[in-house]
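Reader: Could you walk me through this model and show how each label is earned?

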Amino acid sequence: MSDTIKDATLEYAVRLGDDANVLGHRISEWVSRGPFLEEDIAYANVALDYIGRARMFYGYAAELANDGRTEDDFAYMRDDRQYQNLLLMELPREDFAYSQVRQLFIDIYYGLMLPELVKSKDDTLAAIAAKAIKETRYHLRRSRDWVLRLGDGTEESHRRTQRAVDSLWGYTHEMFEMDDTEQRLADSGIGVDITKLRDEWHRQVSAILAEATLNLPEDGWAVRGGRIGYHTENLGHLLTEMQFVHRSYPGCQW
Amino acid sequence: MSSEQQTSLQEKQFMHKIKAEEKIEPKDWMPEKYRKNLIRQISQHAHSEVIGMQPEGNFLTRAPSLRRKAILLSKIQDEAGHGLYLYSAAETLGISRDEMIEALQSGRAKYASIFNYPALTWADMGAIGWLVDGAAIVNQVSLQRTSYGPYARGMIRICKEESFHQRQGYDIMLTLVNGSPEQKAMAQDSLNRFYWPALMMFGPHDSESAHSAKSMEWKIKRETNDDLRQKFIDQTASQIEFLGLEHPDKELKWNEERGHYDSGEIDWDEFHNVIAGNGHCNRQRLEHHIKAHEEGAWVREALVAYNAKKQAKQTEAA
Amino acid sequence: MQDNALELFEVFIRSKRGLDHKHVGSLHSEDHEQALEYARDVYTRRSEGVSIWVVRSADICASQEDDAEDFFDPNDDKPYRHATYYTLPDAVNNM
């Protein structure tokens, strides 16, 4: 592996780790706050899958970096300007409709992205993707059904779900954009050319929203910046909480 | 046969089953008081699992490593699962989960008082797993032989899953005592705060316990509060020693003759005070539960409405 | 609005291939599909199963304790249905 490709792969692994870490953290905020006990348990499984995924990606990044850093150094010792997760992941949990709509957008995204990543020439990334695909298929069953139920449930659930779709839509565009690093990796058969997946994502989302009696928002509004560390104000608070104990006792084992 | 004779015959048959160590099953005849007593105990147990998610949930988003976060999350999730198994067992007695939740939220039903103590440091995640789950397990192991079938089966499943809870707690403590001086101090502080409340989890002395005698006769409870507490004190002493921490009970002393540790008296005023609602978190725990329940109301309503629409469509199609 | 509008389902799990499905408990959900998913999340967190059945609790028809005498006692007096009823010579007793 050439040094530039290695550096790019490292950065890519960190980005995917950041996505999983931040989203897993957000979902874990639902614990003991679910609408009923069965859902509390089920949603915790999704959080666990993402925390596990974060550990795998960060673990691989640590292996590539080979400078003594561990998975936790990536998670706990970087500031929000260094985090490179998609903005969608860091938005607050808000109400249950908001969390499920976000989940749907993300699940469809991974449902398309992971099968491509499985074909990666990088064996580790391919192996992580192979494991994650199964998780995502299950997540998608859940989020799809939830959006259908909430969209076509009561007037209130419909209103909340439509509002969630509208407020999240602007953050979905950057999911399908690539910078030079990702382009280089896609060209070398290591990373996924995510731009090619947008149309299919759009088609699947549209179909589910239509079935859920929800409207597809206009495309005009788009917020971007996650991949260059230009975040919403939410991430700083999330990291403050996440990193507090770890950073208060530097160098300790837990 | 008069209905009184009938009842007395049924009661005799019931007691015969109990004495023969046969399980009572949901559709069986049972004395109304047995049913009520069981509902009280099982639902209180279920509520404890569910409310018990909160103190640990309070530290989940601050867990100091990803590995610990995953472990803690799966433990809290297990507690939700155990709450569900227990609600499920209680529902076989003809009470709905709604009614039980309503009783909890209105304060008519209790949950374990230990959860009214605040979780303040990461070491508390260790102490809770080790001591609180440890005390719960001592009780639950005994309840695997309880006379009501669904409760006993729930306990067996719970015990199987819960041994990891105590071990992960002790593992946190071990890591802390072998860490920096601050970490070790954190562990000691946490042990000091949770040791006595953990002993209180076994309830009042047998002589003071309101429900004990009948529960023992009916084999809902299999061992007395004091016997179970003694087991816990005995097993915990060497665990504290192994950690190299100071034992919070200064009067603790091995009694060769009894083959048990003698221990200092629990502060029963504190026990009653916390039960009476004056713990740090009594109100907070219930408010958290009520808030989540209320915020989830529209979701549950949506499910019901969606289901009704779906059924209507199916009827239309048929 | 009551939760119990969410229906109760009984959950049966086959712990491994070759074994019967066994009743493990119950849960509440909107429909069969959701019940199946929740059964997966609630009752197989440690890979306890390879197959799940869910049945609406209301659809289960159960024998009553009162029926027990009529149902089961009549078969108590048919010892000849059990292998142990027959004493065979040692030479063929592993039959």
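What follows is a short back-and-forth on contacts and on a sheet.

Author: Ground rules: this is a predicted model, so local features need pLDDT of at least 70 and side-chain atom pairs count only at pLDDT 80 or more, while totals for chains, interfaces and linings use all residues. Residues are numbered from 1 along each chain as its sequence is written, chains are lettered from A and ligands numbered from 1 in the order in which they are written, and side-chain values use heavy atoms, with hydrogens and water left out.

Reader: What makes a residue part of the contact, and how many does each of chain A and chain B bring?

Author: Contact means heavy atoms within 4.5 Å. Chain A brings 47 residues and chain B brings 45.

Reader: How much area is buried between chain A and chain B?

Author: About 4100 Å², with carbon and sulfur atoms giving 68% of it. That is accessible area (1.4 Å probe) that two parts lose on being put together, summed over both. On the chain A side, A:S32, A:L37 and A:W254 lose the most to chain B, together 18% of what that side buries.

Reader: Why is the pair A:D152 and B:K313 called a salt bridge?

Author: The term asks for a side-chain nitrogen of Lys or Arg within 4 Å of a carboxyl oxygen of Asp or Glu. The side chains of A:D152 and B:K313 come to 4.0 Å, N to O, so the pair is a salt bridge. Between chain A and chain B the count is 3 salt bridges.

Reader: Which helix gives chain A's largest share of the side touching chain B?

Author: That is α2(A), with 11 residues; helices here are DSSP runs (H or I, at least four residues), strands are E runs of at least two, and both are numbered from the N terminus.

Reader: What makes β1 and β3 of chain C a pair?

Author: Two strands pair if DSSP finds at least two bridges between them. Strand β1 (residues 7-14) of chain C has 6 bridges to β3(C), so they pair, and they run antiparallel. C:R14, for one, stands opposite C:S51 in β3(C).

Reader: Why are β2 and β3 of chain C called edge strands?

Author: The open sheet has 3 strands in the order β2-β1-β3 (chain C), with antiparallel pairing. β2 (21-29) and β3 (51-56) of chain C each pair on one side only.

Reader: And which helix of chain B lies across β1 and β2 of chain C?

Author: Helix α4 (residues 66-91) of chain B, running at about 95° to β2(C). Axes are lines fitted to C-alpha atoms, for helices over the stretch in contact, and angles run from 0 to 180 degrees between N-to-C directions.
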